[in-house]
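The following dialogue introduces a first-year student to the reading of a molecular model. Please keep the sequence and the structure in view while reading.

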Protein chains: 2
Amino acid sequence: MTVINNQKIEHLKTDKTKVKRAPKRGHYDTRTIYKILDNDFICQIGFVYNGYPVVIPTIYGRKNDCLYFHGASVSRLLVTMEEGVPISLNVTQTDGIVLARSAFHHSLNYHSVTVFGHAELVTDEKERLDALKVVSDQIIPTRWEEARLPNKKELKATKVLKLKITEASAKIRTGPPKDEKDDYDLEIWAGVIPIEKKYGKPIADPDLKSGIPIANSAIKLIKD
Amino acid sequence: MTVINNQKIEHLKTDKTKVKRAPKRGHYDTRTIYKILDNDFICQIGFVYNGYPVVIPTIYGRKNDCLYFHGASVSRLLVTMEEGVPISLNVTQTDGIVLARSAFHHSLNYHSVTVFGHAELVTDEKERLDALKVVSDQIIPTRWEEARLPNKKELKATKVLKLKITEASAKIRTGPPKDEKDDYDLEIWAGVIPIEKKYGKPIADPDLKSGIPIANSAIKLIKD
């Protein structure tokens, strides 16, 4: 563990998380890993089910060194994870298409995180409610304060799990293409086409009561 | 198999691909599945390695009922897949954040595809080269015609695999939130915030020879 600007930074490199291909693109510090996780809210979780691998997309929220997941109590993903089976999850943001002069050196700019571990059921009611807020805040901050909060029946129908982030890695590619030396003389354009993710203009529910102004959380989200 | 508008449509529902949660969101026809696959180029592949699940993002291209993958010959993902182990892959596009009046009914609009199967190594040189073009076209059409094509050494360093799409499902959510009947009277804004993915202005390689105009493939991509 090191401390930079009062932030504790853990290093999560293990045999499992060591980046095999293009090791220079690998990062193992929690600062880099958390930043990528915080920039997204959907991950793909892999687990072994009846001997074969299953990959399922799901929403998450991060708080400190934990990822939280929620869903219907009967969800196969959550019921399987609850058993404490090994899971692996990946979050990938594509940032740009990298056009090299040679087909071979075409690439992608991206930020990606992989986490290995075991999830566990959250049973404490306070932690459960806090976790649901964490997930909500991950997607759209302050919406939790605007919405009608879950009642007993809804809480009963909801399962919450957490995964402590102890084994993880980030893999990042940025910058221009890298071509073979001789190819720089070719009359071929090379560069990067950025991929941008933006929020569009909010669409009101057709059944919205008249006179209700658009939510502040939505205004803030599309401005940021 | 059914035929609509001269298009053969297969149904890929099996015990494995049957959508368990929210079964109404499940689709099993190749028309729906291929459309989602064609709208993207990055997937998350899951496989079992030393007994634990691994999820790795990778680029793909689709041609007919096959998905093609490529990478360095020494890539762990490709070397493992080449052995014919069971794999699962997922492609997910997030289309919008669904804000309901109740926290419980918040949701996500998305298009998602899951495929199960076994990949196999492509060894025929013509099919290998064709597959590399398929993957290139999936990311940026016509770029293959502009770039310096792979030489013998580069082809030797590249592995190509294919996965026949025989077991798959799509899961889709669209439209406004659905709240509990009583909640429609609440003074809470509800609706959808669209998530839009766009290409930004291409950034030329700092080492680009002067006088080379931006590639047609890039112009077309950002216009579409």
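**Two chains and their relation**

Q: By what rotation is chain A superposed on chain B?
A: Copies are superposed by least squares on the C-alpha atoms of residues with pLDDT of at least 70 in both. Here a rotation of 180° with 0.0 Å of shift along its axis brings chain A onto chain B, with an RMSD of 0.0 Å. That is the relation of a two-fold axis. Of the residues of chain A, A:Lys197 comes closest to this axis, with its C-alpha at 2.2 Å.

Q: What should be known about the model and its labels?
A: This is a predicted model, in which local features need pLDDT of at least 70 and side-chain atom pairs count only at pLDDT 80 or more, while totals for chains, interfaces and linings use all residues. Residues are numbered from 1 along each chain as its sequence is written, and chains are lettered from A and ligands numbered from 1 in the order in which they are written.

Q: How many residues of chain A are in contact with chain B?
A: Two residues are in contact if their C-beta atoms, placed from the backbone, lie within 7 Å. By that rule, 79 residues of chain A are in contact with 78 residues of chain B. The side of chain A that touches chain B has 50 nonpolar, 14 polar and 15 charged residues. In this classification Ala, Val, Leu, Ile, Met, Phe, Trp, Tyr, Cys and Pro count as nonpolar, Asp, Glu, Lys and Arg as charged, and the others, Gly among them, as polar.

Q: Which strands pair between the chains?
A: Helices (H or I, at least four residues) and strands (E, at least two) are DSSP runs, numbered from the N terminus. Two strands pair if DSSP finds at least two bridges between them. Strand E12 (residues 191-199) of chain A and strand E12 (residues 191-199) of chain B pair in the antiparallel sense over 5 bridges. Within this pairing, A:Lys198 stands opposite B:Glu196.

Q: Is B:Gly191 buried or exposed?
A: A residue is buried if 20 or more other C-beta atoms lie within 10 Å of its own, exposed if 12 or fewer, and partly exposed in between, with C-beta atoms placed from the backbone. B:Gly191, in strand E12 of chain B, counts as buried because it has 23 C-beta neighbours inside 10 Å. Leaving aside residues up to four places away in sequence, B:Gly191 touches residues of both chains, including A:Pro202, A:Leu208, B:Leu99 and B:Pro176. The C-alpha atoms of B:Gly191 and B:Ala100 are separated by 6.7 Å, although the two residues are 91 apart along the chain.

**Inside chain A**

Q: How many helices and strands does chain A have?
A: Chain A has 6 helices and 13 strands. Of its 224 residues, 42% count as buried.

Q: Which strands pair with E9 of chain A?
A: Strand E9 (residues 107-121) of chain A pairs with strand E8 (residues 86-99) of chain A in the antiparallel sense over 12 bridges. In that pair, A:Val98 stands opposite A:Ser107. E9(A) also runs antiparallel to strand E11 (residues 167-173) of chain A, joined by 7 bridges, and A:Val115 stands opposite A:Ala168 there. A further 3 bridges join E9(A) to E10(A), again antiparallel, with A:Glu120 opposite A:Lys162.

Q: What span should helix H3 of chain A have?
A: The expected span of a helix is 1.5 Å times one less than its number of residues. For the 15 residues of H3(A), residues 125-139, this gives 21 Å, and the end C-alpha atoms are 22 Å apart, which agrees. Among the buried residues of H3(A) are A:Arg128, A:Leu132 and A:Ile139. What covers the buried residues of H3(A) includes strand E7 (66-72) of chain A and strand E8 (86-99) of chain B.

Q: What is the sign of phi in A:Asn64?
A: Most residues other than glycine have a negative phi. A:Asn64 has a positive phi, near 50°. The residue A:Asn64 is found in the loop between E6 and E7 of chain A, and A:Asn64 counts as exposed because it has 9 C-beta neighbours inside 10 Å.
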